[in-house]
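Please walk through this structure from the arrangement of its chains to its main pocket and then to a few single residues.

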Number of protein chains: 2
Amino acid sequence: MDSEYLGYAAGILTTVAFLPQAMQLIRTRQARDISLTWAATMTAGVFFWLCYGVAKQSVPMISANGITLLLLLVILFIKLRYQDSTDTGEK
Amino acid sequence: MDSEYLGYAAGILTTVAFLPQAMQLIRTRQARDISLTWAATMTAGVFFWLCYGVAKQSVPMISANGITLLLLLVILFIKLRYQDSTDTGEK
């Protein structure tokens with residue numbers, strides 16, 4: 001099997017994965033179980049992947065990381081906006 | 001600037017980001033706000049990245065995705081194990 005297919009499958013999966021996560025946070029407006037450090041570090045990391053894609057002039061890297069970055073910004077925004085929302089289940 | 005540094009920074013950030021997320025879930029044993037679809041799709045995607053790294057014989061890809069996969073398996077396990085835990089704040 002052409003190993004490039006593995007890369008395409010991986011890139012598509014790790015990009016579209018963020019759509020249901022962002023949708024869930026938009027719907028529930030609760031993000032207590034999302035680590036702020038995860039969200040911030042991932043946003044920075046994916047931004048660097050995007051820059052790397054630009055430097056390499058790689059359209060797949062730019063498009064995949066551009067989409068992921070947008071979804072991560074939504075997740076980060078909701079985390080920052082609603083992290084203090086009242087929740088009696090919080091420890 | 002050597003663009004390879006962007007790639008290294010991106011790879012390190014998007015790998016270590018999963019450590020605080022996994023730690024938070026281990027500590028709180030609550031994962032309601034984590035999307036199961038996100039966790040499952042990311043796990044599959046990172047597994048494919050790992051296979052791609054093996055096919056390409058890329059040590060950085062293998063090590064980064066190997067670590068991320070382990071942390072994602074922890075996240076997925078806690079999500080599946082505790083997703084039905086009682087939480088009065090749940091909608």
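The paragraphs below take up symmetry, the pocket, the cysteines and two loop residues in turn.

This is a predicted model, in which local features need pLDDT of at least 70 and side-chain atom pairs count only at pLDDT 80 or more, while totals for chains, interfaces and linings use all residues. Residues are numbered from 1 along each chain as its sequence is written, chains are lettered from A and ligands numbered from 1 in the order in which they are written, and side-chain values use heavy atoms, with hydrogens and water left out.

Chain B is superposed on chain A by a rotation of 180° with 0.0 Å of shift along the axis, at an RMSD of 0.0 Å; the fit is by least squares on the C-alpha atoms of residues with pLDDT of at least 70 in both copies. The two copies are therefore related as by a two-fold rotation axis. Both use the same surface, since 100% of the contact residues of chain B recur in chain A, contact meaning heavy atoms within 4.5 Å.

The largest pocket has a volume of about 1,100 Å³. A pocket here is an open set of points on a 1 Å grid over the protein atoms alone, where a 1.4 Å probe fits, with protein on both sides within 12 Å along at least five of seven lines; lining residues have an atom within 4 Å of a point. The volume is the space filled by probe spheres set on the points, which are joined across faces, edges and corners. Of the 36 lining residues, Trp49(A), Met61(A), Trp49(B), Met61(B) and Asn65(B) are the closest to the pocket centre. Two or more lining residues come from each of helix 1 (3–16), helix 3 (36–55) and helix 4 (59–82) of chain A, and likewise from helix 1 (3–16), helix 3 (36–55) and helix 4 (59–82) of chain B. Helices are DSSP runs (H or I, at least four residues), numbered from the N terminus. By class the lining has 20 nonpolar, 13 polar and three charged residues, where Ala, Val, Leu, Ile, Met, Phe, Trp, Tyr, Cys and Pro count as nonpolar, Asp, Glu, Lys and Arg as charged, and the others, Gly among them, as polar.

Over all chains there are zero disulfides, a disulfide being a pair of cysteine sulfur atoms within 2.5 Å. Cys51(A) is partly exposed at 23% relative accessibility, and Cys51(B) is partly exposed at 23% (buried is under 20% relative accessible area, exposed over 50%, partly exposed in between, with a 1.4 Å probe and protein chains only).

Arg29(B) is not a glycine, yet has a positive phi of about 55°. Arg29(B) lies in the loop between helix 2 (18–28) and helix 3 of chain B and is partly exposed at 44%. Gln57(B), also not a glycine, has a positive phi of about 50°; Gln57(B) sits in the loop between helix 3 and helix 4 of chain B and is exposed at 71%.
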